[in-house]
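User: Could you take a close look at one part of this model for me? I'd like to hear how the strands there pair up.

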Amino acid sequence: MKDVKRKIITIVCAVLAIAIGGIAAAEEIKESRQAKEEKQQEETAKEETAANPDAEVKSGLTKEQEEIQEKIKATYQVDNQQAIADRLEEEKASGEYTASDMLIEYNPFGTNTQSLYVYFETEEPAAISYNVHVSDSDIGDFRRDVWQEEEYTTEHEFQMIGLIPDTDNTITFYITEEDGSTDTKEIVYEMGSLLGEEETVLKTKMDGEEEELSNGLYVILGNDSDALDFMYYYDNQGVLRGEVPVIGYRSHRLLFRDQSMYYSISETQMARMNPLGQITAVYDLGTYKLHHDYVFDDNGNMLILATDTTQDSVEDIILRLDVNSGAVSEVLDLGDLFGRFKEERVKNDSGELDWIHINTIQWIGDGSVLLSSRETSSIIKIDHIYDGPAVAYIIAEKAVWADTEYENQVLSKEGDFTIQGGQHSITYVDDPSLADGQYYLYMFNNNIGYSATRPDFDWSALGLTETSATEGDTSYYYEYLVDENTGTFQLTDSFELPYSGYFSSVQNLDGNTIADSGTAGTFGEYDEDHHLIAQFEMQVEKYIYRVYKYDFDGFYFRAGK
């Protein structure tokens, strides 16, 4: 009997030991998981801090880079640019330049290190094309038709781009008269080195045919680093065709209007360039710092996302820039619309109150804009932006805005899908086949559930389980059909993209989709069935900020080329 009792006690002790061990193991697993999540959130916070650098302060530049930086700053002095333009006019007047004796000067305005200024006259009106060839078998030819105010004219003045650095470039000019007859002129030009350290030829994975790719040049808008800053143009073969220096920070997108190209050149300045590469205006934003995006309204005013440096919060202001007068005015402080919500937020690890973090603005007409808020994983429509701004509605998961004064302004989600998380690069599409009050909206859905200023919110309950800016499984292309009449939105298209918690973009062009997964250091182009045609990989110090593709028709090139 005693032996039986002794066995029972032994068994009970063993069971208790196993149970206690199991509890301890479970606690250890839980603590390990929490530690991992905390580490990921810490890394995300660091990435978030790195995404907002003080652009004008560059530490660790070499003496040579410091000298280049000063030259870049001088490049964006309008008086200097006008002096160069005046000198070129004197050169043009000093001689008779023909197709046999062209006036050619390397990058006189300093705005593209892979460009030449070309001027000559012809007896008969002619259209001009050019082809750039180098002996490197990995680099294909670059042929373009030149944009001129009139397709056929006797005076020809243009900036040709696309030359390859550190090698002889054989340039063939095609001079085509209205009767179709063509004369050619060939020169060899030895190009010097780039100012930056980017790759001339990207690592390329071609799953489809090059002919399937859309027309244009991929513009890298911020391959962020601690060195000098540039925009880069790459062609469909992944070959560098343009290096455009900026003072600091990055350019966020290119805007075109009236034969001018607009882009940001620092945290506090925008520039306007003409087709010759001349900077014709620089706009200073004063105490405001721009970020992420800008767009034209219907009257040619530019709306710019900004931070008011005199306030305690960041990335929550919209400015209006009159590009004719240079006047800058504040049209919206989102804190005025979301005051109580803002008050309940906390500062992030970098000490900033980045409570809404607007990363895209889309003008949709009639005084209305769409704003992408990364911090709330929401898309917000604002009406009457110039005259009594008001929140029209919000596209988000209702739980994000529950128990706030805005919960009734969240549209209803139709269908079973995971909501967008930390989205970037939203794009409004006004499709004439849709009824009034309906539109498509596509975006890069980063698929991240993280909010530094709202740390207690459970994003995983919404299906957003990724918390790292760099480590995750999948991001997505998302397209919504938004119906303002019924107050609903539904997912109409999606496909998987390489993961990027932040730093990303997506663009539909000619039936294809261009997508940049910034932290992965890749961008690719997909066909209408979402099959990858080509993927390009860059060597990145931090990330590729954005990639948009532009055809430059009506600026560098004649339409269709």
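Analyst: Sure, let's start with serine 373, whose bridge partner in strand 22 is serine 378. Strands here are DSSP runs (E, at least two residues), numbered from the N terminus. Keep in mind that this is a predicted model, where local features need pLDDT of at least 70, side-chain atom pairs count only at pLDDT 80 or more, and totals for chains, interfaces and linings use all residues. Residues are numbered from 1 along each chain as its sequence is written, and side-chain values use heavy atoms, with hydrogens and water left out.

That serine pair belongs to the link between strand 21 (residues 368-373) and strand 22 (residues 378-383), which run antiparallel and are joined by five bridges. Two strands count as paired if DSSP finds at least two bridges between them. Zoom out and you get an open sheet of four strands, in the order 20-21-22-23, with antiparallel pairing. Strand 20 (358-365) and strand 23 (390-395) sit at the edges with a single partner strand each, so one side of each has no neighbour in the sheet. From one strand to the next, the twist averages 25 degrees, with axes fitted to C-alpha atoms and angles running from 0 to 180 degrees between N-to-C directions.

Further along the chain there's strand 26 (residues 438-445): seven of its eight residues are buried (under 20% relative accessible area, 1.4 Å probe, protein chains only), so the rest of the structure largely encloses this strand. Strand 25 (residues 424-429) runs antiparallel to strand 26 through four bridges, and histidine 424 stands opposite phenylalanine 444 of strand 26. Eight bridges tie strand 26 to strand 27 (residues 475-483), also antiparallel, and glutamine 438 has aspartate 483 in strand 27 as its bridge partner.

Conventions
Buried < 20%, exposed > 50% of the residue type's maximum accessible area, 1.4 Å probe, protein only.
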